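Trainee: I am new to this structure and would be grateful for a close look at a single part of it, namely the largest cavity. Please set that part in the context of the chain as a whole.

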Amino acid sequence: MTMQLADSVSLSPSEAKARVHAAAARNNLRTEPRAVRIVIIALAVLFLSVFVVLPLVVVFAQAFSRGILAYLAALAEPEALSAIKLTLLVAAISVGLNLVFGLVAAWAIAKFDFKGKTFLITLIDLPFSVSPVISGLVFVLLFGAQGYFGGWLRDHDIQVLFAVPGIALATTFVTFPFVARALIPLMQEQGTQEEEAAISLGASGLQTFFRVTLPNIKWGVLYGVLLCNARAMGEFGAVSVVSGHIRGETNTMPLLVEILYNEYQFVAAFAIASLLAMLALVTLIAKTVLERHLDEGHARDH
């Protein structure tokens, strides 16, 4: 404050007064009463403890309530192994498809101007506003026995619903905004100067993408893939509608947790749930690391 008052001597009275008021306002923002700060921090800690920490503690406590051997035995059950394999397979399919779509959509939206650009962005955000259960019902109306394509699929002996293709389609739909939404603002902020320079030097479109664009957005790609994978492995609503709940065949990990819990197999249910909780913790840690790299990249650009 003393230095700011000294600097204000060389300014006009109105400018000096404005600067002093601005400094005082900043100081007021940083000097809340101690009681207010304690209450705000306590509320934040209480909220996190009740809605984040406590559920995680309960999940792991119930999973290991009968010991490590019972926990491992629950995970080694054929039904549990089938659910884990199906979840990993569906996540791999949906993340791979969304990675390709996200890169293409972000490239088109951030680097080019064309008619329908705003409409495309709206379509990308559509799964955020549609209930996963509704999206699952849409696939039933399309590929079910009485659906739009049901007759043709039946005549050609193609099974979509109550099989892996239907689960993969539903999961891909509810997760496809994540990669695109992680890349669009990043690529828009970077602009097109580097790509234009590469093209002017004789680089082809693919060379420009792999040697210029992709290295600049690699952390954003990983960030989008991380969020997409976490949502894909934890998806319940849409998958529940299209899976048919065929035990040992079309139950993913979230569906199996519900079934085991309803059958009072609490240790087995929480054992599977603990794997999803571990995924959430790993996702949180990786998300923090990737956000730090993204912030460092923004700082270097500016």
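**The largest cavity and its surroundings**

Mentor: Of the 302 residues in the chain, buried ones make up 35%. The model is a predicted one, and its chain has 16 helices and zero strands. About 17,900 Å² of the chain is exposed, and 69% of that area is supplied by carbon and sulfur atoms. When contacts between residues at least 6 apart in sequence are considered, 70% of them join residues at least 24 apart.

Let us turn to the part you asked about. Rolling a probe the size of a water molecule over the atoms shows where empty space is left. A search of the whole structure finds one cavity of 30 Å³ or more. The largest cavity holds about 50 Å³ of space. Its lining is formed by T87, V90, A91, T171, A232, M233, E235, V239, T252 and P254. By character, six residues of this lining are nonpolar, three are polar and one is charged.

Which helices supply at least two residues each to the lining of the largest cavity? They are α5, which spans 78-111, and α13, which spans 205-234. Helix α5 gives the most, with three residues.

Both helices can be followed through individual residues. A80 belongs to helix α5. With a relative accessible area of 3%, A80 falls under the 20% limit and is therefore buried. Setting aside residues up to four places away in sequence, A80 touches A74, L75, L256 and I272. A80 also pairs in space with a residue from far along the chain: A80 and M253 are 173 residues apart in sequence, and their C-alpha atoms are separated by 7.6 Å.

In helix α13, consider T213. Its relative accessibility is 0%, so T213 counts as buried. Apart from neighbours within four places in sequence, T213 is in contact with W107, M187, E195 and T208.

A further residue for study is F176, found in the loop between α10 (164-175) and α11 (177-190). Is F176 buried or exposed? Its relative accessibility is 15%, and because buried means under 20%, F176 counts as buried. F176 is in contact with N98, F101, L123, I124 and P127, once its neighbours within four places in sequence are left aside. F176 and S94 are 82 residues apart in sequence, while their C-alpha atoms are 7.9 Å apart in space.

For a companion to the cavity, one may look at the second largest pocket, where about 210 Å³ of space lies. This pocket is lined by 13 residues, and those closest to its centre are F143, G144, A145, I158 and Q159. Two or more residues of its lining come from each of α8 (132-143) and α9 (150-155). Helix α9 has the largest share of the lining of the second largest pocket, three residues. The lining of this pocket divides into eight nonpolar, three polar and two charged residues.

To return to your request, the largest cavity encloses about 50 Å³, and the helix that gives the most to its lining is α5. When you examine the model, T87, V90 and A91 are among the lining residues to locate, as are A232 and M233.

How values were computed:
Residues are numbered from 1 along each chain as its sequence is written. This is a predicted model: local features need pLDDT of at least 70, side-chain atom pairs count only at pLDDT 80 or more; totals for chains, interfaces and linings use all residues. Side-chain values use heavy atoms; hydrogens and water are left out. On a 1 Å grid over the protein atoms alone, a cavity is a set of points where a 1.4 Å probe fits but cannot get out, and a pocket is an open set with protein on both sides within 12 Å along at least five of seven lines; lining residues have an atom within 4 Å of a point. Grid points are joined across faces, edges and corners, and a volume is the space filled by probe spheres set on the points. Helices (H or I, at least four residues) and strands (E, at least two) are DSSP runs, numbered from the N terminus. Ala, Val, Leu, Ile, Met, Phe, Trp, Tyr, Cys and Pro count as nonpolar, Asp, Glu, Lys and Arg as charged, and the others, Gly among them, as polar. Buried means under 20% relative accessible area, exposed over 50%, partly exposed in between (1.4 Å probe, protein chains only). Contact means heavy atoms within 4.5 Å. Accessible areas come from the Shrake-Rupley method with a 1.4 Å probe; for residues, only the protein chains shown count as cover.
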